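Work through the exercises below with the sequence and the model open. Each task is followed by a solution in steps.

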Amino acid sequence: MEKTWRWFGKKDQITLPMLRQIGVEGIVTALHDIPNGEIWTLEAINNLKWYIEEAGLHWSVVESLPVSESIKYGGADRDELIEKYKTSIANLGQAGIRTVCYNFMPVIDWVRTDLSYPSPDGTTSLYFDKIKFAYFDCHILERKGAEKAYTAEELEKVESLAAMITEAEKEALIDTIIVKTQGFINGNIKEGELNPVEKFKQLLALYDGIDRDQLRQNMKYFLEQVIPDCEKYNVNLCVHPDDPPFQLLGLPRIVTSDEDIEWFLKAVDHPRNGLTFCAGSLSAGIHNDVPALAEKYASRTHFIHMRSTNVLSNGNFIEAPHLKGRGHLIDLVRIFEKANPSLPMRVDHGRLMLGDENKGYNPGYSFLGRMYALAQLDGVIATVDEELMINADLKE
Ligand code: DNO
């Protein structure tokens, strides 16, 4: 595997020279300053590419080239936006950047309710609490019909929470779910948005009447137009699974399971149409057997996210230490090293440890926590490579 790292551009306090010191080989980044839906010009791409190369690294993967909301729900301007997307793909291909990650999640990208959930060892990690999320859905968004998504027992717990939650806790929950986790990844709601809940409700309304089938058709429509350009410009396009991989807030989510993955790969059956194998996202769905999915889809995987979770009996999930939990990352290294030892891989979502918590990193993207996980994975990769007798030349 190529060891890559998600770097948030020139403003990232974790600098490229720091990354070289810890054994990172390739960079995963995006043109974060370009508004969603606008063209990535060759000039802007090359500027960042050369900056990375001057530090002795290379730009391995784009994460993400965001797919505008209108392409997902099928708005009137979707063809125009797809044309712009195609131009960005062509420019990336011309600059020699071969792997582009995106997602097809309506309105909201990844979802967590806590950004620093304490572990007994003193580190903290990200957490999803189903009751807090249901409270957000039923009491903050006041979504019509929301109660149908939860059991009577869960709704009872939601009411108990509603009776004791403070205003400050409520604000923090809103900030976590729709602002802090979304802004830094070019999401719909940015830091500083004055009325995030109202904005969020308007976005949800765009999907009224759009079910899983319709969203699938819209994804197919998008892929049918974009994949020929990926072929022409030698770009691997790889969708990120929905995180978490289940339905939320009445929105359709269509990259959640074996059946879903098989569907979109067949919808446009071309090697350029592939998957970002995010072990963390997939493992948060109790229906997913992560190593089995890796075996099945290794040949259509273009990029790997190494992360793991544990799903609790009450429906909550927690980010597990990287070598534990439902992700089974050791098995995944074996599977992917055998399939293609040059696949780009990044560790995802480190814990906050040893002072990370005071640095203001983007949620999930600590320095020491991620470096620790990378070192763990590095050891596993070296061991597996020896087992498989993969030599250094093969990894060129
Ligand atoms: C969160 C990330 C996601 C991911 C996008 C890819 O930490 O895993 O935001 O980058 O979904 O499009």
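**Exercise 1.** Where is the place of Ser64?

Solution. The model is predicted, so local features need pLDDT of at least 70 and side-chain atom pairs count only at pLDDT 80 or more, while totals for chains, interfaces and linings use all residues. Residues are numbered from 1 along each chain as its sequence is written, and side-chain values use heavy atoms, with hydrogens and water left out.
- Step 1: Ser64 sits in the loop between strand E3 (58-63) and helix H3 (69-73). Helices (H or I, at least four residues) and strands (E, at least two) are DSSP runs, numbered from the N terminus.
- Step 2: Glu63 and Ser64 are joined by a cis peptide bond, with omega about -10°.

**Exercise 2.** Find the cis peptide bond that joins Asp243 to its partner, and place that partner.

Solution.
- Step 1: The partner is Pro244, and omega is about -5°.
- Step 2: Pro244 is in the loop between strand E7 (236-240) and helix H10 (258-267).
- Background: most peptide bonds are trans, and most residues other than glycine have a negative phi.

**Exercise 3.** Is Val107 buried or exposed?

Solution.
- Step 1: Val107 lies in the loop between strand E4 (99-103) and strand E5 (114-118).
- Step 2: Its phi is near 60°, a positive value in a residue other than glycine.
- Step 3: With a relative accessible area of 5%, Val107 is buried (buried means under 20%, exposed over 50%, partly exposed in between; 1.4 Å probe, protein chains only).

**Exercise 4.** Classify His328 in the same way.

Solution.
- Step 1: His328 has a positive phi of about 50° although it is not a glycine.
- Step 2: The relative accessible area of His328 is 40%, which makes this residue partly exposed.
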